[in-house]
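Work through these exercises with the sequence and the 3D view open. Try each task before reading its solution.

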Amino acid sequence: MSVTSPLLSQFKSLTISTPFLHGSSSLSRLSKPSSSITSQKPSPPAFLPPIRAMRSMQGRVVCSTNDKTVSVEVTRLAPHPKYKRRVRKKKKYQAHDPLNQFQVGDYVQLEKSRPISKTKTFVAVPVPPRNQPKVKEEENQELGLPLESLQTS
């Protein structure tokens, strides 16, 4: 019995010190094992510019009878699935026109915005006309010298 008594005394004095007894530990104190070999991942830059894909489109107003709403037809070129030729595809969008300034036939730019109604998520913005002649100033004003025909003597 003398052999077992020292063993029993060792087991009795042995206490289990683990944080998992009776659910007394929180998981926040636990961490993954780390080593000096593994390197930390570099943190991403603080500011990343937002990706602005398909945020604006241009089209022609086809209906403006509703109040503060215009229907805009956007035409795009897309490859044909079988023949691989580019074909025109048209789609209509409802756009917000708060001042009712657009008429049928006007070209507008659609800017993405928060949903205004079930079908309206774009705001119509005017587009400057393309093929307008530039206003030219008279050449004699640019040079600062009067022409001979305009001189009085």
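Accessible areas come from the Shrake-Rupley method with a 1.4 Å probe; for residues, only the protein chains shown count as cover. This is a predicted model: local features need pLDDT of at least 70, side-chain atom pairs count only at pLDDT 80 or more, and totals for chains, interfaces and linings use all residues. Residues are numbered from 1 along each chain as its sequence is written, and side-chain values use heavy atoms, with hydrogens and water left out.

**Exercise 1.** State how much area the chain exposes and what share carbon and sulfur atoms supply.

*Solution.* Start with the total: about 14300 Å² is exposed. Then take the share: carbon and sulfur atoms supply 56% of that area.

**Exercise 2.** List the elements of the chain in order from the N terminus.

*Solution.* Helices (H or I, at least four residues) and strands (E, at least two) are DSSP runs, numbered from the N terminus. Count them: 2 helices and 5 strands. Now read the order: α-β-β-β-β-β-α.

**Exercise 3.** What percentage of the residues in the chain is buried?

*Solution.* Buried means under 20% relative accessible area (1.4 Å probe, protein chains only). The chain has 153 residues, and 14% of them are buried.

**Exercise 4.** Find the share of contacts in the chain, with a separation of 6 or more, that join residues 24 or more positions apart.

*Solution.* Contact means heavy atoms within 4.5 Å. Keep the contacts with a separation of 6 or more. Residues 24 or more positions apart account for 45% of these.

Definitions and conventions. Buried means under 20% relative accessible area, exposed over 50%, partly exposed in between (1.4 Å probe, protein chains only).
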